[in-house]
Amino acid sequence: MVPVKTYGSAVYGVEATTITVEVNISSGNKYFIVGLPDNAVKESLLRIESAVTSSGCRMPRQKIVVNLAPADIRKEGSAYDLTIATGILAASAQIPFEELGQYIIMGELSLDGEVKPIKGGLPIAIQAKKENFKGFILPTQNAREAAIVNDIEVYGVTHISQVVDFFDKGIKPQPTIVDTRDEFYHAINNYDADFADVKGQENIKRSLEIAAAGGHNAILIGPPGAGKTMLAKRLPTILPPLNLYEALETTKIHSVAGKLSASDALITKRPFRSPHHTVSDVALVGGGGNPQPGEISLAHNGVLFLDELPEFKRTVLEVMRQPLEERRVTIARARMSVDYPASFMLVAAMNPCPCGYYNHPEKECVCAPGVVQKYLSKVSGPLLDRIDLHVEVTPVNFDELASERKAERSEEIRQRVIAARLKQEERFAAQEYVYCNAQMSPQMVREICKIDDAGHLLLKKAMEKLGLSARAYDRILKVARTIADLAGSDEIGLEHLAEAIHFRSLDRENWAG
């Protein structure tokens, strides 16, 4: 008999590769799967046999050879169950095979024939469209994410019998259709939180506005209960909205990680990821035997918030250094390496000391001498070097908490941030991979962040008087450039420099006494 071909897909990183599943039935009584399958794929024949029988079809009692091509790429996971099952049914003449080559078919099968969800529906659909497949048959739970891709028919199925009817009787389920633009613009600004909820803390709101405007990383230092976490959670509400390309890119990563619910089609809000301080290196950066995106990739185009920064393991923080610079992470394995995007804003929060009350206006710090410095030194210099804004958070007093005065809404702050980002887009139009002030190289800082003689004098005095380290120099100029953009100024003025100097607390030699 001539081998029957069906088509599935394998996801590596955030890109998909089409897999041809060839099924040949001949005399004998054994099943074989070849083409570098892992254990989950090898076990699929047992699931398939039960599922096929449950659907009212028969499993051939002959020699079945299944080849997954290209044979030199490792095939992992249970998503090939439906692809292989369809091939076996066609090879045993239980369904016609003429139309099989027009569709990508993916899904995990349960013993009763139910089709379970898969990971990576969106990148598979994008690749299927590129290769001119007519349609994509996959679990109903994944249909909406795949339907974002136009010009390809997406059919969600819940049972293998629907696939049998699809090819045998021409009974097709209703294709899933998603109006991408309507989906995108409908939910783009729907945030539950708002800066208007925050009483007082005007200086912290200002620092986060600067961070959002220039894409700067920030660290919030203050006692417990001062509002660090509450403020950080509201940062995405003042960031510029995702554009359609960013939304697709972000959705792709969450699709590969299996983080999209059945109701999700497109991620329209900037992600906010807040891993616990017990997180492992692999969970944060990505990897594992079957590489998966980590928290830094799930935060792509959004915010990664690390609360209680000194409590994170030193190794976990150190592996973040390279992705912070390169804005992507490469997971290398013996047979392959995969790239995940990781362009995120880092916002960290920490207490100033173990007891939490160093520099507190009312409560006294009870830490022993030298303990504060030891606590702060848990965060390495190279990591701090990548954080532009050091913000001291002080507790809100009762009068401000009880005040009925309305605070500024996130939407108003966001408009200023968008205006500042537009200035930066014009400035960096000729630069590839540079979109905001935070991404400037030292050479670009010297060319773009020019200051006059009075500015030089102010900066010199500040560095001498406050004991600022040399690494603070470029950071101050970058932040000053962003403050000038927010003010609509083409030049960096003294007031912009003075405000930027204010945000370098941890660089002061005497800060932790």
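**Note on a predicted single-chain model**

1. At 0% relative accessibility, T482 counts as buried, because the cut-off for that class is anything under 20%. This residue is found in helix 21, which covers residues 472-486. Leaving aside neighbours within four places in sequence, T482 is in contact with I210, A213, G214, H216 and N437. It should be kept in mind throughout that this is a predicted model.

2. As for the overall make-up, the chain has 22 helices and 18 strands, and its C-alpha atoms fill a box of roughly 90 × 50 × 45 Å when taken along the principal axes. Of the 513 residues in the chain, 52% are buried. Where contacts join residues at least 6 apart in sequence, 74% of them link residues at least 24 apart.

3. Which residues touch the most other members of the largest nonpolar core? In this core of 106 residues, that place is held by I48, F136, I137, F167, I296 and M320. Helix 3, spanning residues 81-91, gives the most to this core, with seven residues. Apart from it lies another core, made up of 51 residues, including A232, L239, V347 and A349. As a general background, nonpolar side chains in soluble globular proteins tend to be buried together.

4. I296 can be followed in some detail, since its partners are listed one by one: not counting residues up to four places away in sequence, I296 touches L284, V285, L304, M320, P323, V329, A342 and F344. One of these partners, M320, is itself among the residues that touch the most other members of the largest nonpolar core.

5. Helix 3 is mostly covered, with eleven of its eleven residues buried. The buried residues of helix 3 include nonpolar ones such as L82, I84, I88 and L89, and D81, T83, T86 and G87 are buried as well. After helix 3 comes A93, whose phi is positive, near 60°.

6. A second residue worth a look is I19, whose place is in strand 2, residues 15-26. Is I19 buried or exposed? With a relative accessibility of 0%, I19 counts as buried. Its contacts, not counting residues up to four places away in sequence, are with T6, Y7, G8, S9, A10, L68, A69, P70, K75 and Y80. By contrast with these contacts, I19 and R328 stand 309 residues apart along the chain, and their C-alpha atoms are separated by 27 Å.

7. Turning to the sheet, five strands form an open sheet in the order 11-14-17-10-18, with parallel pairing. Strand 11 (272-273) and strand 18 are the edge strands, each of them pairing on one side only. At the strand 11 end, two bridges join this strand to strand 14, residues 303-306, and the two run parallel. R273 has L304 in strand 14 as its bridge partner, and L304 also appears among the residues that I296 touches.

8. Strand 10 has a partner on each side: four bridges join it in parallel to strand 17, residues 345-350, and four bridges pair it, again in the parallel sense, with strand 18, residues 389-392. Within these pairings I219 stands opposite A348 in strand 17, while L220 stands opposite V391 in strand 18.

9. Which way do the residues of strand 10 point? A218 and L220 point one way from strand 10 (residues 218-221), I219 and I221 point the other way, and all are buried. In a regular strand the side chains alternate between the two faces of the sheet.

10. The largest pocket has a volume of about 1200 Å³. It is lined by 37 residues, and those lying nearest its centre are E246, E249, N301, S343 and Y435. By class, the lining of the largest pocket divides into 17 nonpolar, nine polar and eleven charged residues. Helix 10 (244-256), strand 16 (337-341) and helix 18 (410-427) each supply at least two residues of this lining, and the largest share, five residues, comes from helix 10.

Notes:
Residues numbered from 1 in each chain as written. Predicted model: local features only at pLDDT ≥ 70, side-chain atom pairs only at ≥ 80, totals over all residues. Heavy atoms only, no water. Core = buried A, V, L, I, M, F, W, Y, C linked by side-chain atoms within 4.5 Å. Buried < 20%, exposed > 50% of the residue type's maximum accessible area, 1.4 Å probe, protein only. Contact = heavy atoms within 4.5 Å. 1 Å grid on protein atoms, 1.4 Å probe; cavity = no way out; pocket = protein on both sides within 12 Å on 5 of 7 lines; lining within 4 Å. Points joined across faces, edges and corners; volume = space filled by probe spheres on them. Nonpolar A, V, L, I, M, F, W, Y, C, P; charged D, E, K, R; others polar. Pairing = 2+ DSSP bridges.
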